[in-house]
Amino acid sequence: MTDPVIVKQGSSPVILGFPHTGTFVPPEIQARLNDNGSLLADTDWHVDRLYDGLLADATTVKATFHRYVIDANRDPSGASLYPGQNTTGLIPETDFDGKPIWKDGEEPTEADIAARIEAYHAPYHAALAAEIARVKAEHGIAILYDCHSIRSHIPFLFAGKLPDFNIGTNLGVTCAPEFEAAVESVVSLAPGYDHAVNGRFKGGWTTRHYGKPETGVHAIQMELAQSTHLKTEAPPFAFDEAKAEKLRSHLQDILERIERLSFSARM
């Protein structure tokens, strides 16, 4: 069995989370997906590649499994992150366009949910929690930066075009204001890009669960529009080197700023 999570330990106070870059689907689950689900279209395509090497000493925690197996950024209780709005659940029944992803009669059951929490969701979060505890013990502070991307136009989820940079801190709850301000200070000056703070995406379950600034653990979600680094937001979802090179300079600036801020915050 493929390990559900891959951890690379670093010496920085910054931890990068990648809950949605994985594409592994066990054969017995793959057989239950319909043709639409088999496209795995709602992957955070190439986001781990996008951030690779930007902060050399950062810890990384990556889920290897696809979000259609189970979504590592959803509350294991099944509670909605955005009550009253269209969204996808712990094990999605539809894609981001509201179209079914499972063959008729093969939709996930309560037993499936329980089994996949144990096999995938819980190990990912056990690893992430362990790294947060390790980093906080070493530095007195830990900064979880959760890395995401999504198509820029998805009428089922939001109207119009999504901004390029979407900062989520659950309305300022999950991190000290200076960290949110540091991230926004970079993206607000990035030429040719637009941004939102706590707009359509306010931070997923990971950000909300771990971000407790009063304990020294700060969490920020960054949701990037995929138009910023893909050639097209459709199969084969190819990486665009030129777009990515331009974007990576701003992402590196973000990570370096929050790292510097974390060192000064613990003084």
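Is cysteine 147 buried or exposed? I began with this residue and found that cysteine 147 counts as buried, because its relative accessibility is 0%. I note that the model is predicted.

**Entry 1: the cysteines.** I looked for disulfides and found zero in the structure. I then asked why cysteine 147 forms no such bond. The closest cysteine sulfur belongs to cysteine 175 and lies 15 Å from the sulfur of cysteine 147, which is too far for a bond. A disulfide would need the two sulfur atoms within 2.5 Å. I checked cysteine 175 as well, and it counts as buried at 2% relative accessibility.

**Entry 2: the largest nonpolar core.** I recorded 34 residues in the largest nonpolar core. The members that touch the most other members are Leu16, Tyr51, Tyr145, Phe165, Met222, Leu251 and Ile258. I next looked up which elements build this core, and those that each supply at least two residues include the strands β2 (14–18), β4 (142–150), β5 (165–168) and β7 (217–225). The helices α3 (47–51), α5 (177–187) and α7 (241–265) also each supply at least two residues. The largest share, six residues, comes from α7. I also noted a second, separate core of 28 residues, with Val5, Val25, Tyr68 and Ala219 among them.

**Entry 3: tyrosine 145.** I chose one member of the largest core and listed its contacts, leaving aside neighbours within four places in sequence. Tyrosine 145 is in contact with Ile15, Leu16, Gly17, Tyr51, Ile220 and Met222, and also with Leu251, Ile254, Leu255 and Ile258.

**Entry 4: helices α5 and α7.** I asked how the axes of α5 and α7 are arranged. They come within 9 Å and cross at roughly 155 degrees. Angles over 145 degrees count as roughly antiparallel, and α5 and α7 are therefore roughly antiparallel to each other. I recorded their crossing as right-handed. On the α5 side, the residues that meet α7 are Glu178, Phe179, Ala182, Val183, Ser185, Val186 and Val187. On the α7 side I listed His250, Asp253, Ile254, Arg257, Ile258, Leu261, Ser262 and Ala265.

**Entry 5: threonine 88.** I finished with a loop residue. Threonine 88 lies between β3 (59–63) and α4 (110–139). Is this loop residue, threonine 88, buried or exposed? I found threonine 88 to be buried, because its relative accessible area is 6% and the cut-off for buried is under 20%. Leaving aside neighbours within four places in sequence, threonine 88 is in contact with Arg67, Arg74, Thr94, Asp95 and Phe96.

Notes. Residues are numbered from 1 along each chain as its sequence is written. This is a predicted model: local features need pLDDT of at least 70, side-chain atom pairs count only at pLDDT 80 or more; totals for chains, interfaces and linings use all residues. Side-chain values use heavy atoms; hydrogens and water are left out. A nonpolar core is a set of buried Ala, Val, Leu, Ile, Met, Phe, Trp, Tyr and Cys residues joined through side-chain atoms within 4.5 Å. Buried means under 20% relative accessible area, exposed over 50%, partly exposed in between (1.4 Å probe, protein chains only). Helices (H or I, at least four residues) and strands (E, at least two) are DSSP runs, numbered from the N terminus. Contact means heavy atoms within 4.5 Å. Axes are lines fitted to C-alpha atoms, for helices over the stretch in contact, and angles run from 0 to 180 degrees between N-to-C directions. Angles under 35 degrees count as roughly parallel, over 145 as roughly antiparallel, 65 to 115 as roughly perpendicular and the rest as oblique. A crossing is left-handed if the near helix is turned anticlockwise from the far one by less than a right angle, and right-handed if clockwise.
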